[in-house]
Amino acid sequence: MHTVAVLSLKGGVGKTTVALGIASAAMRRGIRTLVADLDPQGNATASLDPPYTDATLADVLENPHRSVLERAIAASVWSDDVEVLVGAEDLEALNEPGPDERRLASLSRALDELHDSPPRGKGYDLVILDCPPSLGRLTKSALVAADSALLVTEPTMYAVSGAQRALEAIEKIRDEHNQGLRAVGVLVNRLRPRSHEHQFRIAELRESFGALVMPTAIPDRLAIQQAQGACSPIHEWHSPGAQEIALTFNMVLAKILRSTRAGRHRIDADETETTGPIEAIRTDARG
Ligand SMILES: Nc1ncnc2c1ncn2[C@@H]1O[C@H](COP(=O)(O)OP(=O)(O)OP(=O)(O)O)[C@@H](O)[C@H]1O
Ligand SMILES: [Mg+2]
């Protein structure tokens, strides 16, 4: 079981979109996936549209026991292989800025339960943590529980400082709580390859973060919003824009799985993953 936290400290840059895109790529490969919705806004839960549960992630964080966890998990409308640890508005009350150590570890304890004895005997290969846009208890708990962290950013003026602060947060949690935590990369979302401004910002990100900036970016495409609105995985949305984005998410997933070798719980990663026509969507595309 590999656990990846998807974060940025800035709102609206595409964390949930990326979390869902990775889940969609995992579903396509038959990887059993749990999406944990740590955001009080509940956007990932809304898109995965599980049936009503009588417990949520808020209950799990308060009481990280197996019985509560099982009541807070439900199948998504996408597939039996993609399940949801349901988010709720109540999470907001738990998002205190400086939680004590014990409270920070409750998500990690709950996920360890899932690893040690999976519900209904079916374990997860991948757990995706969709974080809220802040660095309170919720995002910190995700970083304490994760094997890897994926930073999402838009190619805009504040991208470098936002990504820098997020990386510092990852380093702090690694030093203080979770030595196995790795930054898997900085993923640029909503790229318009013909925009000089976007290319400038990507060059800036590369200067600051080097190889950590992922070689492909997610382009700005209406298909993403359409697929989300229809509660459909992007891999099943049939438009050229959606297919291009699906290929990018395959690559992002492959990179996350490769980082598994250093994670707490290993799974077999397919290193021969095909990457598709990446030239069209490379972050250094000209035009
Ligand atoms: N590549 C893209 N192309 C087009 N629309 C996008 C793209 N990425 C995200 N969006 C849209 O932008 C909006 C914000 O995206 P999303 O909810 O994923 O961001 P977020 O970082 O999770 O936000 P929050 O901080 O509120 O949790 C959504 O309406 C989403 O559909
Ligand atoms: Mg979100």
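A residue is taken as buried when its relative accessible area is under 20%, as exposed when it is over 50%, and as partly exposed in between. These cut-offs are applied below to a predicted model, in which E197, at 39% relative accessibility, therefore counts as partly exposed.

The side chain of E197 meets that of R201 in a salt bridge, with 2.7 Å from N to O, and R201, in contrast to the partly exposed E197, counts as buried because its relative accessibility is 12%. Both residues belong to helix α9, which spans residues 196–209, and they are separated by 4 residues, about one turn of the helix. R201 also forms a salt bridge with E204, the closest N and O atoms of this pair being 3.1 Å apart. E204 and R201 likewise both lie in helix α9, here 3 residues apart, which is again about one turn. Because an α-helix has 3.6 residues a turn, residues three or four places apart point the same way. The relative accessible area of E204 is 25%, so that this residue is partly exposed.

A further salt bridge is formed between the side chains of R221 and E244, at 2.9 Å from N to O. R221 is located in the loop between β8 (218–219) and α10 (222–229), whereas E244 is part of helix α11 (residues 240–258), so the pair ties together parts that are 23 residues apart in sequence. With a relative accessible area of 28%, R221 is partly exposed, while E244, at 18%, is buried. Elsewhere, E62, E96, R103 and R137 are joined into one network by salt bridges that share partners. In the whole structure, the search finds 13 salt bridges.

R137, a member of that network, is also among the buried residues of helix α7. This helix, comprising residues 137–145, is mostly covered, with 8 of its 9 residues buried; besides R137, the buried residues are L138, T139, S141, A142, L143, V144 and A145.

Strand β4 (residues 82–85) is covered on both faces, since V82 and V84 on one side and E83 and L85 on the other are all buried. Strand β4 pairs with strand β2 (residues 33–37) in the parallel sense over 4 bridges, and with strand β3 (residues 73–75) it runs antiparallel, joined by 3 bridges. L85 of β4 is the bridge partner of A36 and also that of I73. The connection from β3 to β4 is a hairpin through 6 residues.

Methods: Residues are numbered from 1 along each chain as its sequence is written. Chains are lettered from A and ligands numbered from 1 in the order in which they are written. This is a predicted model: local features need pLDDT of at least 70, side-chain atom pairs count only at pLDDT 80 or more; totals for chains, interfaces and linings use all residues. Side-chain values use heavy atoms; hydrogens and water are left out. Buried means under 20% relative accessible area, exposed over 50%, partly exposed in between (1.4 Å probe, protein chains only). Helices (H or I, at least four residues) and strands (E, at least two) are DSSP runs, numbered from the N terminus. Two strands pair if DSSP finds at least two bridges between them. A salt bridge is a side-chain nitrogen of Lys or Arg within 4 Å of a carboxyl oxygen of Asp or Glu.
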